[in-house]
Amino acid sequence: LYTMKLLILLFCCIFAISNCWQLEEAEKLDFFKKQKFLLEIVWHVQDALPQNGTSICHGATFVRDAKKYKNFDDDMQRFLRDMENHRLLPRMDFFGALVQKHHKQAIGLYKFFYYATAWTTFEKNVCWARKNINPGMFVYALSLAVKQRQDCHHFSLPPMYEIFPQHFLNSQVIHRALTFRKEQWENVDEDLDARRWIEESVQFLSNWKPWQWWRVMGMSDERFYMELNSGYSLAQNKEFVMTRYWTPVDYTRNVYILNSETRLSYLLEDVEFNNMWYDFNLEYPTFHVEGSKSSTALGSEWIYAIGRLMAIYKMARLSEGLDVWEDITLKYTIATGYNPQLVSWNGQTFWQRYNNYEYGDYGFPKTIDLVFQLTNEIYRLADTGLCMLENGTIHDLHQPAAVVDFSNILHDNHVALTPQDNETYWHYSFMYLAQIEFEQFNNVGPHVLVNFETTLRDPLFYSLMQYKVLDMWRRYIRNLPAYAKRELEMPGIKVQAAAVSPLVTYFDYKDIDLSNLWQENLKSFDQRKDGIYARQQHLTHKPYNFTLQIYADNPVAVKIQIFIAPKYNERHKLLTLRENRENFILVDAVDYTLETGNNAVIWHSPDLKRRWSYSEMRNYVEGVSQNRLDASDALPQFNLGDSFAHFVIPKGNEEGFSVQFMFMVTPAEQHNARGYPFDRLIENEYTFDVPNVHFKDAQIYHVGHSKNIEDYVRKYEKFGEFDYKYWDV
């Protein structure tokens, strides 16, 4: 719709992508010194720093002087008392950001990072915390600070799945990474007759799972393979060529594991999908930090994000032919079990829930009582709209202007009209589902529901959000007026037709940097010429486009919104617009200037952005710092929009998965609510029968590799080596 340059400029300005921000030569050395510090401080974060003069934190002490901070509040003072009285979370304990006691202590630490007036104070506190604080708590607090501090906007940390791969990849691949030794690898007998092996095993090909791509290439998931790789960012510079040792890894899709929900593991265990939710909660935290990037729109953004996650999950289930997922009712058993197959960095195994699990057999009365108390109050506010403020006046939440107020109450954040001091009902809900005591601090067992980077893995997350959080939201918006036809139409505009190019999804491969686990590679952060990786396939889609025929009475600047939703429900019944309202996902919203008369508007799907790995980030920063690489840009930022773009198109299936697109044209200067026009209930579907709205059916096809496996194996000439063309479609 716009030229590519203009689109890039627009995203740069909105998301502060580094390409819009360049360093002066005098600033470059200092900037990259700080960036290198942030990368190095999380290098082997689970291990102790070297106790010698080579450590980046040698001699650093904690800064207690209140004059060194912009603010010195109760959370910080409580943290100091905990430190002085030896009540800090032990280093070898599991940390859960959604565990109340852990959360409070982490916020105190975070504020010592955030409120530090000078970088030197910030750096000293980070160094002290790296040596003395629980690694999980340290990384969470530091990640928040880098996301929220004004002087950190152009700095980057490695993705969470490369700082703590243990929270993203199964225990088997973690074990392989921790025990990998280059000397042992070099002694592996490479002269194996892979062809003879496959000829003897060809009778079993029909039983092979199509996702076990390494097997059809004649490779093993019990060993590492070597290749030279410089990374996309530094491919033309021979100085940065690294030896890459990689091992195959799959999702937990074995048919013997628990239940049919594992068919969704390609989504629920996708490292970028889980990292996206972690990043979102860094961007929009519930707690108050004066002067941070957070705004009064916290709740609106959170509800909107929850709705998008549920819609992505819904379409993934429909693509796989799965039924509606169940609500959580404590007086009945939870039918869907879940085994994350994860092991924490401290060696503890993550908790497993068996099928037909019964929560009623356990205690935790204080936690569940508080959940009921807080949620009942939110339901009361949703139904009555009567909110008593601290000054004794009644605020009417049922007026349209108060939508942002109720969304903040639902988020339970610091800008809510009735803020709770670190008492967030959905935090407590996850604590209860993880079977963690209300006051528990020490010896918390690893559970996926108590950290943002792992919550999306468990089907219970979607039950809680769909049937509790969004149910409260539905109860509220039913008291708001539905949009009238005049609020949806744009006079003088008509979308006459829409054409959609073929929609095709397939699996590609992604390399995940595991070098933070390589125990043989504990040498200085600067002295790395090799790394270890997990190679995993991930869902993606081919580029696609839309062509819209739009008639305009006069030249006008407009915004074009593109939505996608399923066409049929789990019973293959046509979904009405009213039933489908919550399933519409915004694909894109772009500005365009229409000319008088007919306009052919062509929209192309954006290129899916690739996140740099930890090693690539290190090489880039090191190269600039040592003047081996001429660059004046910061590391490229990978924002929430970049992550979301990977998941907007559902997997589909080989027969074709039916979806519908909606195109809506509105005035460019019109400021709509988040989620408009699907943020209100739909009373009459004919309301959407306006000229500036157009619906178009389409099919999404998934290209798999389940057919002709035997022919592929017999014809593959480099059997025993990785096939880079395997996923070509």
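## Exercises on a predicted model

Ile-41 is buried, at a relative accessible area of 0% (buried is under 20%, exposed over 50%, partly exposed in between, with a 1.4 Å probe and protein chains only). Before we dig in: this is a predicted model, where local features need pLDDT of at least 70, side-chain atom pairs count only at pLDDT 80 or more, and totals for chains, interfaces and linings use all residues. Residues are numbered from 1 along each chain as its sequence is written, and side-chain values use heavy atoms, with hydrogens and water left out.

**Exercise 1.** Find the element that holds Ile-41, then get its C-alpha separation from Phe-525.

*Solution.* Start with the element: Ile-41 belongs to helix α2, residues 25-41 (helices are DSSP runs of H or I with at least four residues, strands are E runs of at least two, numbered from the N terminus). Next, go to Phe-525, 484 residues away along the chain from Ile-41: the two C-alpha atoms are separated by 9.4 Å.

**Exercise 2.** Check the span of helix α4 against the expected value, and work out whether α4 is largely enclosed or not.

*Solution.* Count first: α4 covers residues 100-114, which is 15 residues. Then take the span: from first C-alpha to last, α4 reaches 20 Å, close to the expected 21 Å (1.5 Å times one less than the number of residues). Finally, look at burial: 13 of the 15 residues of α4 are buried, so the helix is largely enclosed by the rest of the structure.

**Exercise 3.** Lay out the open sheet that contains β5, β8 and β11.

*Solution.* The order is β5-β8-β11, with antiparallel pairing (two strands pair if DSSP finds at least two bridges between them). The edges are β5 (493-500) and β11 (597-604), each pairing on one side only. Now zoom in on β5 and β8 (residues 545-552): seven bridges link this antiparallel pair. Within it, Val-500 sits opposite Phe-546 of β8.

**Exercise 4.** Two non-glycine residues, His-86 and Gln-435, have positive phi; say for each where it lies and whether it is buried or exposed.

*Solution.* His-86 has phi near 60° and lies in the loop between α3 (74-84) and α4. At 73% relative accessibility, His-86 is exposed. Gln-435 also has phi near 60°, in the loop between α17 (425-433) and α18 (452-455). With 13% relative accessibility, Gln-435 is buried.

**Exercise 5.** Locate the cis peptide bond at Pro-677.

*Solution.* The bond joins Tyr-676 to Pro-677, with omega about 5°. Pro-677 is in the loop between β12 (657-667) and β13 (693-702).
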